[in-house]
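Reader: I would like a close look at one part of this model, and then an account of how the surroundings of that part are put together. Please be explicit about the criteria behind each term.

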Amino acid sequence: MAAWAQTAWHAVLEADKTVTGLADAWVPLALFLATYWAVGLGFLLIDRPWAAEIKCQPGKYVAWPMVRKIAAYVGAQHLTVYPATTWLLSGVVRRFCSFSPELPSARETVAGLVFCIFFAEVYFFHVHWALHHPRIYPYVHKVHHEFTYPIALESLYFHPVESVLNFGLGAGPMILGAHVTLLYLFTVIAVANVCIHHCGHEVPLDSPPFFGSMTHQHDYHHKVFNRNFGVIGICDWLYGTRAGYDAYHERWEQARKEKKRRTKTE
Ligand SMILES: [Zn+2]
Ligand SMILES: [Zn+2]
């Protein structure tokens, strides 16, 4: 692993001797919050008509008062629900993750990441699907669906119960008994991705083979409610909850091409 990463990890371990919960709670929480606010606020820059060509739902923009509402609601949970849950779960992280001074190899880290990504797909799909059950939906997940055309900041706009349930997405490193730095890395990747999947625009490097743009898939979920419950698209393909999406996306592509062609000929 890179020398700077090893040096940084040694510094965390050293500081952890005097700051209770630093390595198992506060570092992952700080990475989580920094990634969310940086990526979430950054995407506000493209949520404007100048990026209309890549907008998933053309012409649909969240008004500023709603952006402020989202930021205040999520920000309040970041000062309460998130630190409390992180603190409560820090014992689990300490128990199941490794805190060895030696960082794992790059190969081991990549293999761990692949497992975490597939685990998150399976966990998120099933929890999300269950939260859409008519008997549960009005009490918890309805909050997240207040917006039918999401923005990146809306990615964490959840009822507090769902915010806590989402901590399960980070269980991969604990299941593997991996080094805690895998949890750090996966936290950054997962939070950046959840922001991207809510940004409402088609962005590069967001399309796994066969399943296509993860942002488009989740944007469609916000539009129609009962399709595309997963992240990558694997579980939706297996369960048949992707029905109708491919035709919808094809129409979106055609509309974009047609718009481009008209702009050229004008
Ligand atoms: Zn969403
Ligand atoms: Zn949903």
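What does Phe225 count as, judged by its C-beta neighbours inside 10 Å?

Author: Phe225 counts as partly exposed, because it has 13 C-beta neighbours inside 10 Å; the scale calls a residue buried at 20 or more other C-beta atoms within 10 Å of its own, exposed at 12 or fewer and partly exposed in between, with C-beta atoms placed from the backbone. The model is predicted, and local features need pLDDT of at least 70 and side-chain atom pairs pLDDT 80 or more, while totals for chains, interfaces and linings use all residues. Residues are numbered from 1 along each chain as its sequence is written, and chains are lettered from A and ligands numbered from 1 in the order in which they are written.

Phe225 sits in the loop between α9 and α10, the latter covering residues 234-239, where helices are DSSP runs (H or I, at least four residues; strands are E, at least two) numbered from the N terminus. The phi of Phe225 is near 75 degrees, which is a positive value in a residue other than glycine. Asn228 lies in the loop between α9 and α10 too, and although Asn228 is not a glycine, its phi is positive as well, at about 55 degrees. On the burial scale Asn228 counts as buried, because 27 other C-beta atoms lie within 10 Å of it, whereas Phe225 is partly exposed.

The record offers a frame for this loop: an unreviewed UniProt entry carries the annotation "domain: Fatty acid hydroxylase" over residues 114-241, with positions in the numbering used here, feature names shortened, and annotations that may be inferred rather than shown by experiment. Over those residues the chain is 50% helix and 0% strand, and the C-alpha atoms at the two ends are 24 Å apart.

Two histidines in other loops can be described in similar terms. His201 is placed in the loop between α8 and α9, with α9 spanning residues 214-224, and it is buried because 22 other C-beta atoms lie within 10 Å. Leaving aside residues up to four places away in sequence, His201 touches Ile46, Ala51, Ile54, Lys55, Cys56 and Thr215, a contact being two C-beta atoms, placed from the backbone, within 7 Å. Asp47 is 154 residues from His201 along the chain, yet the C-alpha atoms of the two are separated by 7.9 Å. His141, for its part, is found in the loop between α5 (106-131) and α6 (160-165), and with 21 C-beta neighbours inside 10 Å it counts as buried. With the exclusion of residues up to four places away in sequence, His141 touches Leu131, His132 and Glu162, and from Asp219, 78 residues apart in sequence, it is 16 Å away from C-alpha to C-alpha.

The helices can be followed through the record as well, since UniProt, in an unreviewed entry, lists residues 25-46, 110-131 and 174-196 for "transmembrane region". Residues 110-131 are 100% helix and 0% strand, with end C-alpha atoms 31 Å apart, and residues 174-196 are 87% helix and 0% strand, with end C-alpha atoms 25 Å apart.

How these helices pack can be stated from their axes, which are lines fitted to C-alpha atoms over the stretch in contact, with angles from 0 to 180 degrees between N-to-C directions. The axes of α2 (residues 22-42) and α8 (residues 180-197) come within 9 Å and cross at roughly 20 degrees, and the two helices are therefore roughly parallel; angles under 35 degrees earn that label, over 145 roughly antiparallel, 65 to 115 roughly perpendicular and the rest oblique. Where α2 meets α8, the residues of α2 include Leu31, Phe32 and Tyr36, and those of α8 include Tyr184, Val188 and Cys195.

The axes of α5 and α8 come within 10 Å and cross at roughly 50 degrees, which makes α5 oblique to α8. This contact is made by Thr109, Gly112, Leu113, Cys116 and Ala120 of α5 together with Leu182, Leu185, Phe186 and Ala190 of α8. At the start of the chain, α1 (residues 3-16) packs against α2 at an angle of about 120 degrees, with the axes 10 Å apart, and α1 and α2 are therefore oblique to each other. Here Val12, Leu13, Ala15 and Asp16 of α1 make the contact with Leu22, Ala23 and Val27 of α2.
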